[in-house]
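Student: Please take one close look at the charged side-chain pairs in this model. Then show me where they sit relative to the sheets and the pocket.

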Amino acid sequence: MRILITGASGFIGKNLVARLSERASVEIIQFTRESTRDQLAQYVEAADCIFHLAGINRPLDEAEFISGNVELTSELCQLILKSGRHPKVVYTSSIQAEKDNAYGSSKLAAENALAELNRNNAGSVHIFRLPNVFGKWCKPNYNSAVATFCHNISRGLDIQINDPNANISLVYIDDVIDKFLEIIDGVENGGLYVNVPTQYESTVGKLAEQIYLFKNSRQTLVTERVGTGLVRALYATYVSYLRPEDFSYGVPQHGDPRGVFVEMLKTPDSGQFSYFTAHPGITRGGHYHHSKTEKFLVIRGTAKFGFRHIQTNQYYVLHTSGDKPEIVETVPGWTHDITNVGDEEMIVMLWANEIFDRDHPDTYARPVNHEKT
């Protein structure tokens with residue numbers, strides 16, 4: 001399939017090109033600001049599908065709305081009619097088309113031209129009236145609050161918020177591209193207007209607050225809930241604005257003659273992740289918990305885990321090594337320890353179901369007493 005993308009070097013265009021490049025069956029034809037109108041005619045002649053993403057939204061002169069949105073779209077429609085082909089056509093309009101302003105009026109006029117093309121059966125047209133689109137590669141300090149916030153906050157620069165309570169509707173770039181691909185694949189066969197099903201509502205102030213929390217998590221080690229929804233999409237966007245020199249950051253390391261202990265990541269409600277080392281012959285632990293649970297994974301070395309029930313005195317021992325990944329869980333009411341019984345430094349990953357609280361540690365010292373079985 002030969003797919004023409006106008007505005008291919010823009011924010012949405014770059015993301016679409018990246019996704020389509022993953023498909024061996026697709027040939028991408030890119031129309032950018034450097035392309036000529038003669039080239040556009042040639043490209044239309046060859047296209048099976050056209051994504052019309054090019055447009056003007058921040059001109060120096062409002063007359064550019066007409067040339068960049070209305071006239072370019074009308075010309076594209078005429079070229080499609082002239083070609084005699086019947087491509088799928090996807091147009092990225094804006095929710096501003098519903099409003100009485102110069103930009104919205106130009107997008108509405110472009111929609112009308114494409115609707116007429118659709119009525120002439122010259123192409124299968126799909127129009128997206130998009131709200132604020134955010135994601136990687138969006139230009140900061142332009143017309144996206146999310147892009148500006150992510151860029152500036154990640155660099156320690158100030159941001160300006162005129163009204164923190166101002167509402168904002170958002171769609172994530174990956175969700176937009178997913179819907180585009182459904183049209184290519186024939187999964188989406190709806191009418192003239194198509195919606196991105198996942199849309200987020202927030203305020204400008206809440207967006208900024210969330211992005212600041214992303215930045216601060218490197219100091220607190222407490223991650224935000226970045227696995228689903230808006231927070232997931234925002235976090236992916238935020239880290240995409242990091243400079244390469246900011247790709248890494250240090251974490252505290254606590255050392256003593258036994259080895260080192262390093263906390264890596266803490267979560268609001270799913271515990272924390274750490275690792276520790278132990279020199280040969282060193283034993284760590286010798287304590288029990290009432291509610292706290294842990295998972296240990298020996299990455300390198302050989303370990304002996306000892307357990308003793310604090311009431312029944314039942315004793316249990318097991319061995320693991322980095323050669324065979326095996327999770328060992330601690331159980332409330334059993335005192336436990338881990339000993340490096342190998343000849344090399346032992347490295348162990350550790351997950352605990354709660355963040356360590358020095359005021360309420362739920363950790364009580366009691367030796368396992370291996371010799372007393």
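**Charged pairs, sheets and a pocket**

Tutor: Start with Glu 263 and Lys 266, whose side chains meet in a salt bridge at 3.7 Å, N to O. Keep in mind that the model is predicted. Glu 263 has 15% relative accessibility and counts as buried. Lys 266 is also buried, at 14%. The cut-off for buried is under 20% relative accessible area, so both residues qualify.

Next, a network. Arg 2, Asp 48 and Arg 85 are joined into one by salt bridges that share partners. Take the link between Asp 48 and Arg 85: their closest N and O atoms are 2.8 Å apart. Asp 48 lies in the loop between helix H2 (37-46) and strand E3 (49-52). Arg 85 lies in the loop between helix H3 (63-83) and strand E4 (88-94). The pair therefore ties together parts that are 37 residues apart in sequence. What about solvent? Asp 48 is partly exposed, with 29% relative accessibility. Arg 85 is partly exposed too, at 24%.

A third pair is Glu 245 with Arg 243. Their side chains form a salt bridge at 3.8 Å, N to O. Glu 245 is exposed, because its 56% relative accessibility passes the cut-off of over 50%. Arg 243 has a relative accessible area of 31% and is partly exposed. The structure holds 17 salt bridges, taken as a whole. The general idea is simple: side chains of opposite charge can pair when their charged atoms come close.

Now the sheets. Strands E3 and E4, which border the two loops of the Asp 48 pair, both belong to an open sheet of 6 strands. Its order is E2-E1-E3-E4-E5-E8, and the pairing is parallel. At the edges are strand E2 (27-31) and strand E8 (193-194), each pairing on one side only. Inside this sheet, E4 and strand E5 (residues 124-130) run parallel and share 7 bridges. One pair of bridge partners there is Val 89 and Val 125, the latter in E5.

Another open sheet has 5 strands with antiparallel pairing, in the order E16-E15-E18-E13-E20. Strand E16 (315-321) and strand E20 (364-365) are its edges; each pairs on one side only. Within it, strand E13 (residues 283-288) and strand E18 (residues 334-340) are joined antiparallel by 4 bridges. His 287 has His 336 in E18 as its bridge partner.

His 287 leads to the pocket. This residue is among those nearest the centre of the second largest pocket, along with Phe 261, Arg 284, Leu 350 and Phe 356. The pocket holds about 720 Å³ of space. Its lining has 30 residues. By class, 10 are nonpolar, 11 polar and 9 charged. Strand E11 (residues 259-266) gives the most to that lining, with 4 residues. The residue range of E11 takes in positions 263 and 266, the two ends of the salt bridge we began with.

To recap the contrast: Glu 263 is buried, Asp 48 is partly exposed, and Glu 245 is exposed.

Key. Residues numbered from 1 in each chain as written. Predicted model: local features only at pLDDT ≥ 70, side-chain atom pairs only at ≥ 80, totals over all residues. Heavy atoms only, no water. 1 Å grid on protein atoms, 1.4 Å probe; cavity = no way out; pocket = protein on both sides within 12 Å on 5 of 7 lines; lining within 4 Å. Points joined across faces, edges and corners; volume = space filled by probe spheres on them. Nonpolar A, V, L, I, M, F, W, Y, C, P; charged D, E, K, R; others polar. Pairing = 2+ DSSP bridges. Salt bridge = Lys/Arg side-chain N within 4 Å of Asp/Glu carboxyl O. Buried < 20%, exposed > 50% of the residue type's maximum accessible area, 1.4 Å probe, protein only.
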